[in-house]
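Visitor: I am new to this structure. Please show me how to read it, one feature at a time.

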Amino acid sequence: MLQSMKIIGGYPLFGEISISGAKNLALPAIVTTLLTDNEITLNNVPNLSDVTSLLELLEYLGCDINHDTAHKQLILKTTNIKHTEAPYDFVRKMRASILVLGPMIARFGRASVSFPGGCAIGVRAIDLHIRTLQLLGAEVTIDNGFIKAYSPNGLTGCDITFPIVTVTGTENSIMAAVLANGTTRLINAAMEPEVEELCNLLNNMGAKITGQGTSTITIEGVESLHGTTFDIMPDRIEAGTYAIASAITHGKLLLKNCIYNHLEIFFNTLKSNGVSITQQDNGVLVENNNDKINSIDISTAPYPGFPTDLQAQYMALMTISEGVSLITENLFENRLMHTQELNRMGANIIVKGNTATVKGVENLNGAPVMATDLRASASLILAGLVAKGETTVNRLYHIDRGYENIDNKLLQCGAHIKRITV
Ligand code: EPZ
């Protein structure tokens, strides 16, 4: 059954929202179970369809899974493996399944993962994932839509320079290198907090990784890894999304557990928009009691730059700002699709290449709109919160991939929002 979200706009949001565990850390953290036959316990795992999809793949591969969704705890154990092949049906549902490639080749010496293919926001190449495995000594072939990697004698550490920053490419490389013979240095590695935390998890399991959080990560290969218990950090993209919900509705929201320095550049931008951002012991307070929202240009970049995963949400805010703002998307070639839907709500956005020119309008008008991808659907919900009248966001399955309980979290803060099954 398809679901939609009905929103009546115009209600400022007040209250507090608990930020859930980070999706883009939970996913790589889950696949670390493939690197050891000991038990891994993960706490604060968000209940998201992307997590469910990845667990279905791991179960198929032979992982024992105990998932206590009520307490957000996941206990994983991969004593032996039934398959070292990740079939297309799993991978096409959730492209981050490519993350099983590194750990499988590291522990079992062989792996076969279906090509993930592109998605709405772009081609989503994985050439750098493959290149790393080859540089580490694996024999990699592509046939029948599968990436097949073999390294019966193990992998050998070496220096690897990434021509561009890739988050899961860095993560796959780290997980391939942790059991390699010798030392691997990843140069121009991703510095995202999710990558840094994955390294901290792996070090808790006995890995020897240094430099995480910088652009050079060094991994000294070890014989084996052991189990551990690890807490998933709060989701900075979810937090940023609710920060914009507060700003766009001229509300006041406490983002509980939000880690301020994970969103430094983003929060500085909101401050320039005229939004008040205050760090507190238990999170970040976001308040907008200004009549107008200043138009500020942004250009997305790898961490610590402005996050591409908050670009669509920020655009929703700019549609009702004073003046004109330029929004440039530098990471993905097709991540401006939400502009058409925002324009249907009365926004004034012109796209040329990878830059959207957003001319602020007095108000948006509610309309039936179509979500195209995860963050675009968040952008449309944010627009619906401020638009005059009713907005219906269709294809809601996109939003449930990355936002836990978004309707109830907004409802509790005064939003007029309802999930309907059509
Ligand atoms: C991760 O995707 C995130 N997903 C994305 O979040 C996020 O948008 C992205 O990083 C950028 O921050 C997860 O962590 C599960 P990339 P990833 O490899 O790793 C090109 C969300 O909304 N590239 O950093 O797939 C690629 O095409 C999702 O939560 C190659 O050319 O992104 C892109 O243009 C969406 N070859 C750029 O690099 C490669 O081998 C950055 O992609 C790999 C990447």
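## Aromatic pairs, salt bridges and the ligand

Guide: Start with the rings. This is a predicted model, and five aromatic pairs are counted in it. One of them joins Phe 266 and Phe 267, with 5.6 Å from centre to centre and 50 degrees between the planes, a tilted pair.

Visitor: Are Phe 266 and Phe 267 buried or exposed?

Guide: Phe 266 is buried, and Phe 267 is buried as well. Now look at Phe 306 and Tyr 314. Their planes are 65 degrees apart and their centres 5.4 Å apart, so the pair counts as edge-to-face, for which the angle must be over 60 degrees. Phe 306 and Tyr 314 are both buried.

Visitor: Which residues form one aromatic cluster?

Guide: Tyr 260, Phe 266, Phe 267, Phe 306 and Tyr 314 do.

Visitor: Next, the charged side chains. What is the general idea?

Guide: Side chains of opposite charge can pair when their charged atoms come close.

Visitor: How many salt bridges does the count come to?

Guide: The count comes to 15 salt bridges. Take Glu 390 and Lys 6, whose side chains meet at 3.4 Å, N to O. Glu 390 lies in strand β23 (residues 390–394) and Lys 6 in strand β1 (residues 3–8), so this pair ties together parts that are 384 residues apart in sequence.

Visitor: What is the relative accessible area of Glu 390?

Guide: For Glu 390 the value is 40%, which makes this residue partly exposed. Lys 6 has 26% relative accessibility and is also partly exposed.

Visitor: Where do Arg 92 and Asp 89 lie?

Guide: Both are in helix α3 (residues 88–93). They are three residues apart, about one turn of the helix. Their side chains form a salt bridge, 3.3 Å from N to O. Arg 92 is partly exposed, at 47% relative accessibility.

Visitor: Please show me a salt bridge between loops.

Guide: Try Arg 335 and Asp 309, which meet at 2.7 Å, N to O. Arg 335 sits in the loop between β19 (324–328) and α11 (338–344). Asp 309 sits in the loop between β18 (298–299) and α10 (311–318). The two residues are 26 apart, and the pair links distant parts of the chain.

Visitor: Are Arg 335 and Asp 309 buried or exposed?

Guide: Arg 335 is buried, because its relative accessible area is 7%, under the 20% cut-off. Asp 309 is buried too, at 16%. Some bridges also share partners: Lys 23, Asp 50 and Arg 401 are joined in this way into one network.

Visitor: Now the ligand. How many residues surround the ligand?

Guide: The ligand has 22 residues around it. The closest are Leu 128, Thr 166, Thr 168, Asp 309 and Leu 331. Sorted by type, the shell holds ten nonpolar, five polar and seven charged residues.

Visitor: Which side chains have polar atoms by the ligand's oxygens?

Guide: Lys 23 is one of them: an N or O atom of its side chain is 2.9 Å from a ligand oxygen. For the side chain of Thr 166 the distance is 2.7 Å. A polar side-chain atom of Asp 309 lies 2.6 Å from an oxygen of the ligand. On its own, the ligand has 830 Å² of accessible area, and the protein covers 88% of that.

Visitor: Which elements give two or more residues to the shell?

Guide: They are α1 (23–31), α5 (127–135), α6 (167–177) and α12 (374–386). The largest share, three residues, comes from α5.

Definitions and conventions
Residues numbered from 1 in each chain as written. Predicted model: local features only at pLDDT ≥ 70, side-chain atom pairs only at ≥ 80, totals over all residues. Heavy atoms only, no water. Salt bridge = Lys/Arg side-chain N within 4 Å of Asp/Glu carboxyl O. Helix = DSSP H or I, 4+ residues; strand = E, 2+ residues; numbered from the N terminus. Buried < 20%, exposed > 50% of the residue type's maximum accessible area, 1.4 Å probe, protein only. Phe/Tyr/Trp six-rings, centres within 6.5 Å; stacked < 30°, edge-to-face > 60°. Near = heavy atom within 4 Å. Polar contact = N/O pair within 3.5 Å; in protein donor to acceptor, adjacent residues only side chain to side chain. Areas by Shrake-Rupley, 256 points an atom, 1.4 Å probe, with all protein chains shown as cover. Nonpolar A, V, L, I, M, F, W, Y, C, P; charged D, E, K, R; others polar.
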